[in-house]
Amino acid sequence: MAWSAQQYLKFEDERTRPARDLLAQVPDGAIRLAFDLGCGPGNSTELILARFADAQVIGIDSDDDMLANARKRLPGLNFEKADLGDWQPERAADLFFANAVFQWLPDHPAILERLMGQLNPGGALAVQMPDNLSEPSHLLMEETARSPAWAARFAGKAIRRSPLPAPSSYYDRLAPHAARFDIWHTIYNHALENAGAIAEWVKATGLRPYLDALEPAARGDFLADYTSRIASAYPPLADGRVLLRFPRLFMVAIAP
């Protein structure tokens with residue numbers, strides 16, 4: 001399932017806003033080694049470097065296209081290809097920063113717990129994940145796939161990712177390893193041009209597994225079907241734009 005940095009960056013400002021908000025909650029301190037986990041095209045890495053200019057910042061991602069764009073954006077930095085499911089740093093870090101990546105890994109609570117043990121004292125684990133599977137943008141992906149026109153093509157395919165655990169689950173798992181643990185939700189309301197813009201947004205993320213499961217010739221028709229459903233679920237505002245409601249889960253854990 002290949003990513004497209006070009007598609008992802010069509011909404012760079014909106015996608016980077018949660019990374020800014022997450023980084024703002026990382027305490028000031030001596031950050032010598034920071035990892036941007038799931039760095040994508042480097043937009044979040046750039047924020048970390050600007051905040052902690054004296055730190056060694058390393059980006060980690062599993063996708064070649066994302067890494068190529070990150071290296072082009074920040075040619076002086078080290079970007080490494082790795083699967084976060086089994087990746088481990090070579091030495092203890094002062095910051096693990098993860099913007100919108102761990103929701104793709106079903107066993108991520110165990111990974112986050114492991115990362116807490118690989119922080120230097122006072123180091124931070126900062127994580128943000130979309131928590132939007134109950135929003136029309138994602139419910140309609142599954143509705144489209146299970147509709148009579150498409151059900152046969154998706155029969156037997158489990159595409160929808162698992163919902164995030166409850167905040168209490170993360171608290172119980174990570175707080176015992178932390179001197180301080182904060183967890184919260186933020187709901188963004190992104191004003192986009194129209195329903196088609198919502199479809200363009202999710203083409204880079206949540207809709208990708210559905211499109212990848214189809215033969216290339218059928219993808220345009222599936223996208224058109226999905227977009228028509230989105231147009232009904234997101235009526236235009238007074239100026240013709242639409243609001244994409246987008247809940248996200250944040251957590252920051254500080255190592256003792």
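Two residues are in contact when heavy atoms of theirs lie within 4.5 Å. With that in hand, look at the chain above, which is a predicted model. Take contacts between residues at least 6 apart in sequence: 78% of these join residues at least 24 apart.

## The whole chain

The chain has eleven helices and seven strands. Its radius of gyration is 19 Å, and the globule rule gives 18 Å for 256 residues, so the chain is as compact as a globular protein of that length. The C-alpha atoms fill a box of roughly 55 × 40 × 40 Å along the principal axes.

How much of the chain is buried? Buried residues make up 51% of the 256 residues. The chain exposes about 11,400 Å². Carbon and sulfur atoms supply 51% of that area.

Now the charges. The chain carries 26 positive and 32 negative charges. Their mean positions are 2 Å apart.

## The annotated span

An unreviewed UniProt entry places the feature "domain: Methyltransferase" at residues 36-123. The span is 32% helix and 27% strand. The C-alpha atoms at its two ends lie 14 Å apart.

D36 lies in strand β1, which covers residues 33-37. Is D36 buried or exposed? Its relative accessibility is 0%, and buried means under 20%, so D36 counts as buried. Leaving out residues up to four places away in sequence, D36 touches S44, T45, I48, I58, G59, I60 and F97. F97 deserves a second look. D36 and F97 are 61 residues apart along the chain, yet their C-alpha atoms are separated by 4.9 Å.

A100 is found in the loop between β4 (93-99) and α5 (108-116). Its phi is near 60 degrees, a positive value in a residue other than glycine. Most residues other than glycine have a negative phi. A100 counts as partly exposed because its relative accessibility is 22%.

## Around helix α6

Helix α6 covers residues 136-146. Which of its residues are buried? They are S137, H138, L140, M141, E142, T144 and A145. An α-helix has 3.6 residues a turn, so residues three or four places apart point the same way. What covers the buried residues of α6 includes four helices: α7 (151-154), α9 (195-203), α10 (208-212) and α11 (216-233). Strand β7 (242-254) is also part of that cover.

One of the buried α6 residues, M141, is also a contact of L207. L207 sits in the loop between α9 and α10. At 0% relative accessibility, L207 counts as buried. Besides M141, L207 touches V202, F222, L223 and Y226, not counting residues up to four places away in sequence. L74 makes a useful distance check. L207 and L74 are 133 residues apart in sequence and 28 Å apart in space, C-alpha to C-alpha.

## Two residues of strand β6

Strand β6 covers residues 180-192, and W184 is found there. D182 is found in β6 too. What do these residues touch? Not counting residues up to four places away in sequence, W184 touches Q25, R248, L249, F250, M251 and V252. With the neighbours within four places left aside, D182 is in contact with F250, M251 and V252.

W184 counts as partly exposed, because its relative accessibility is 26%. D182 counts as partly exposed, because its relative accessibility is 31%.

The table sets out the C-alpha pairs discussed here, along with one pair each for W184 and D182.

| Pair | Apart in sequence | C-alpha to C-alpha |
|---|---|---|
| D36 and F97 | 61 residues | 4.9 Å |
| L207 and L74 | 133 residues | 28 Å |
| W184 and D28 | 156 residues | 20 Å |
| D182 and Y171 | eleven residues | 8.4 Å |

Read the rows against the structure above. D182 and Y171 are eleven residues apart in sequence and 8.4 Å apart in space. D36 and F97 are 61 residues apart along the chain, with 4.9 Å between their C-alpha atoms.

Note on methods
Residues are numbered from 1 along each chain as its sequence is written. This is a predicted model: local features need pLDDT of at least 70, side-chain atom pairs count only at pLDDT 80 or more; totals for chains, interfaces and linings use all residues. Side-chain values use heavy atoms; hydrogens and water are left out. UniProt positions are given in the numbering used here, feature names are shortened, and annotations may be inferred rather than shown by experiment. Buried means under 20% relative accessible area, exposed over 50%, partly exposed in between (1.4 Å probe, protein chains only). The radius of gyration is taken over C-alpha atoms; the globule rule is 2.2 Å times the number of residues to the power 0.38. Accessible areas come from the Shrake-Rupley method with a 1.4 Å probe; for residues, only the protein chains shown count as cover. Lys and Arg count as positive and Asp and Glu as negative; His and the chain ends are not counted. The place of a charge is taken as NZ of Lys, CZ of Arg, CG of Asp or CD of Glu.
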